[in-house]
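Have a look at the model below and keep it open while you read. The notes that follow walk through it region by region.

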Amino acid sequence: MGTVPTPEQALELVKRYNQEEFHLQHAKTVGRVLGWFAREYDPGNEDYWISVGILHDIDFEQWPQQHCAKADSLLRELDVDESVIHAVVSHGYGLCSEVEPTRYMEKVLYAVDELTGLIGAVALVRPGGYEGMQAKSVMKKFKDKKFAAGCSRDVITNGAQMMGISVPELVSKTLEALTQTE
């Protein structure tokens, strides 16, 4: 049985394999959002959720063609707990991994990974950034397939379905998580 890194340790691990500020910021953002969801769905386990969120793309910068597969081997070499490895690898389900998200936290990670990218892109085109952003603004951009085309609407939709909520509700909760933890 491996260890579960603290959020600070998770960030240090990510920094070993990622130098680009974009990737580091994305790791922190997804970790923050997962921590927010944990407060609602799994109180007391926020650090666990945050660590998983931070670690989810540990391999992406150096090994984009082996994304999730390389994360599996890296995290095993680092003696990280199997539950963390499963969660990290499952976020690429259907894209670069056949490991299905089974726990609720994994389903949230699967959904919000792409969604935080879309919301971040919306913030970039708004004069006030995240300030005052409404879910309906994000949904308008969600429907525009050319906007932030790299953010998979199918993954976001499937993730919301896995979580048992609608896409607008997922957008609203994720937006709240992003703006309350800024």
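Here, buried means under 20% relative accessible area, exposed means over 50%, and partly exposed is in between (1.4 Å probe, protein chains only). Helices (H or I, at least four residues) are DSSP runs, numbered from the N terminus.

## Ground rules

This is a predicted model, where local features need pLDDT of at least 70, side-chain atom pairs count only at pLDDT 80 or more, and totals for chains, interfaces and linings use all residues. Residues are numbered from 1 along each chain as its sequence is written, and side-chain values use heavy atoms, with hydrogens and water left out.

## Helix α4 and its two sides

Start with α4, which spans 69-77. Which residues are exposed on the other side of α4, away from the buried ones? That side has A69 and E77. The buried residues are A71, L74 and L75. Those three cover an arc of only 95° around the axis, so they sit on the same side of α4; the arc is that of the directions from the helix axis to the C-beta atoms.

What covers the buried residues of α4? The cover includes α1 (7-17), α3 and α5 (82-90), going by contact, meaning heavy atoms within 4.5 Å. After α4 comes D79, and its phi is positive, near 60°.

## Helix α5 and V88

Helix α5 has its own set of buried residues: V84, I85, A87, V88, V89 and S90. They pack against α3, α4 and α6.

V88 is a good one to click on in α5. Its relative accessible area is 0%, so V88 counts as buried. Leaving aside neighbours within four places in sequence, V88 touches V52, L55, H56, C68, A71 and L75. A71 and L75 are also among the buried residues of α4. For a longer view, V88 and R153 are 65 residues apart along the chain, with 20 Å between their C-alpha atoms.

## The loop with H67 and C68

Now move to the loop between α3 (46-55) and α4, where you'll find H67. Is H67 buried or exposed? H67 is buried, because its relative accessible area is 10%. Its side chain makes a polar contact of 3.3 Å with the side chain of H91. A polar contact is a pair of N or O atoms within 3.5 Å; within protein, one must be able to donate a hydrogen and the other to accept it, and residues adjacent in sequence count only if both atoms are side-chain atoms. Not counting residues up to four places away in sequence, H67 is in contact with H56, D57, D59, F60, H91 and C96.

C68 is in that loop between α3 and α4 too. Its phi is near 80°, a positive value in a residue other than glycine. C68 is buried, with a relative accessible area of 1%, whereas C96 is partly exposed at 35%.

## Why no disulfide?

How many disulfides does the structure hold? The count is zero, where a disulfide is a pair of cysteine sulfur atoms within 2.5 Å. Why don't C68 and C96 make one? The closest cysteine sulfur to that of C68 is in C96, but the separation is 3.4 Å, so it is too far for a bond. Looking from C96, the closest cysteine sulfur is in C68 at 3.4 Å, again too far for a bond.

## Where α6 meets α7

Helix α6 (residues 104-124) and helix α7 (residues 135-143) pack at about 105°, with their axes 10 Å apart. That makes α6 roughly perpendicular to α7. Axes are lines fitted to C-alpha atoms, for helices over the stretch in contact, and angles run from 0 to 180 degrees between N-to-C directions; those from 65 to 115 degrees count as roughly perpendicular, under 35 as roughly parallel, over 145 as roughly antiparallel and the rest as oblique.

At this junction, L118, I119 and V122 in α6 meet V138, K141 and F142 in α7. Further on, A148 is in the loop between α7 and α8 (153-163), and its phi is near 45°, positive in a residue other than glycine.

## Two residues with more exposure

E20 lies in the loop between α1 and α2 (21-41). E20 is partly exposed, with a relative accessible area of 43%. E20 and G94 are 74 residues apart in sequence and 26 Å apart in space, C-alpha to C-alpha.

Q161 lies in helix α8 and is exposed, with a relative accessible area of 57%. Its C-alpha atom is separated by 27 Å from that of D81, 80 residues apart along the chain.
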